[in-house]
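Q: I'd like a close look at one part of this structure, starting from a single residue and working outwards from there. Please keep the thread connected as you go.

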Amino acid sequence: MKSILFVCLGNICRSPLAEGIAKKIVLDQELKLHIDSAGTGHWHVGETPCENSIKVAQNNGVDISKLQARKIEKEDKRSFDYVIVMDQNNYHDLEILGFENLYKIGNYGGFDGACVPDPYFYSGFEGFDKVYNMLDIAILDFLKSKGLLK
Ligand code: 4NP
């Protein structure tokens with residue numbers, strides 16, 4: 001079974017949302033894919049996703065409330081076929097750790113290589129809606145481009 005790891009900085013806002021969206025696609029389309037997420041930073045290890053990520057996911061029929069943040073590990077290099085990052089800093093951090101199978105999600109779905117904005121630093125909910133929609137479109141396009149859809 002192919003596997004995908006989504007990575008952001010804290011693993012509490014963007015990548016757990018990406019994990020939830022991808023798992024929903026896997027369920028809806030009856031795909032055989034293993035999906036996980038992790039953060040490059042350690043600050044939030046063990047925490048559930050931020051309130052707004054849980055809320056925007058819930059509004060779209062996705063339950064991410066039980067996910068728990070974890071930090072990226074060296075073993076992840078061997079464990080995942082695709083490692084998909086949210087922004088250039090994540091990409092750089094993983095490159096330094098020796099990851100090779102790296103993809104930036106903004107290169108899919110017509111976003112012109114854009115970084116997924118870090119909603120942790122937004123005050124309102126609107127940013128999370130935008131992030132959800134961007135991830136939803138880009139993840140589907142990624143799966144399609146890799147021949148992972150049926
Ligand atoms: P994420 O957002 O990378 O999308 O999970 C962040 C969450 C926490 C922090 C930074 C980004 N932080 O600095 O604690």
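A: Let's start with His92, which counts as partly exposed because its relative accessibility is 44%; buried means under 20% relative accessible area, exposed means over 50%, and partly exposed is in between, using a 1.4 Å probe and protein chains only. Please keep in mind that this is a predicted model, in which local features need pLDDT of at least 70 and side-chain atom pairs count only at pLDDT 80 or more, while totals for chains, interfaces and linings use all residues. Residues are numbered from 1 along each chain as its sequence is written, and side-chain values use heavy atoms, with hydrogens and water left out.

His92 belongs to helix α4, residues 88-96; helices (H or I, at least four residues) and strands (E, at least two) are DSSP runs numbered from the N terminus. At the start of α4, a side-chain oxygen of Asp87 comes to within 3.0 Å of the backbone nitrogen of Asn89. Just after this helix, Gly98 has a positive phi of about 95 degrees. For a sense of distance, His92 and Asp36 are separated by 56 residues in sequence and by 20 Å in space, C-alpha to C-alpha.

Moving along the chain, we reach Asn101, in the loop between α4 and β4 (102-104). Unlike an exposed loop residue, Asn101 is buried, because its relative accessible area is 17%. Its side chain reaches two backbone oxygens: that of Phe80 at 2.6 Å and that of Asp81 at 3.2 Å. If its neighbours within four places in sequence are left aside, Asn101 is in contact (heavy atoms within 4.5 Å) with Lys77, Phe80, Asp81, Tyr82 and Val83.

Now for a loop at the other end of the numbering. Asn11 sits between β1 and α1 and is buried, because its relative accessible area is 3%. The Asn11 side chain has a polar contact of 2.9 Å with the side chain of Ser15. A polar contact is a pair of N or O atoms within 3.5 Å; within protein, one must be able to donate a hydrogen and the other to accept it, and residues adjacent in sequence count only if both atoms are side-chain atoms. The side chain of Asn11 also reaches the backbone nitrogen of Arg70, at 2.9 Å. Beyond four places in sequence, the contacts of Asn11 are Pro16, Ser37, Ala38, Gly39, Gln68, Ala69 and Arg70.

Asn11 also brings us to the ligand. The residues around the ligand, with a heavy atom within 4 Å of it, are Cys8, Leu9, Gly10, Asn11, Ile12, Cys13, Arg14, His44, Asp118 and Tyr120. An oxygen atom of the ligand lies 3.0 Å from a backbone N or O atom of Ile12. For Arg14, a polar side-chain atom is 2.8 Å from a ligand oxygen, and for Asp118 the corresponding distance is 3.0 Å. Taken alone, the ligand exposes 350 Å², and the protein buries 91% of that; these areas come from the Shrake-Rupley method with a 1.4 Å probe.

From here we can look into the interior. The largest nonpolar core has 36 residues, and those with the most contacts inside it are Ile4, Phe6, Leu17, Ile105, Leu135, Ile139 and Phe142. Such a core is a set of buried Ala, Val, Leu, Ile, Met, Phe, Trp, Tyr and Cys residues joined through side-chain atoms within 4.5 Å. At least two residues each come from β1 (2-8), α1 (14-28), β2 (33-39), α2 (51-59), β3 (82-85) and α5 (126-145). Helix α5 gives the most, with nine residues. There is also a second, separate core of ten residues, among them Leu5, Ala38, Val85 and Phe99. Phe6, in the largest core, touches residues including Ser15, Ala18, Ala22, Ile35, Asp36, Ala38, Ile84 and Ile139 beyond its neighbours within four places.

Finally, two loop residues deserve a glance for their backbone angles. Glu30, between α1 and β2, has a positive phi near 50 degrees although it is not glycine, and counts as exposed because its relative accessibility is 58%. Asp112, between β4 and α5, likewise has a positive phi, near 60 degrees, in a residue other than glycine; at 78% relative accessibility, Asp112 counts as exposed.
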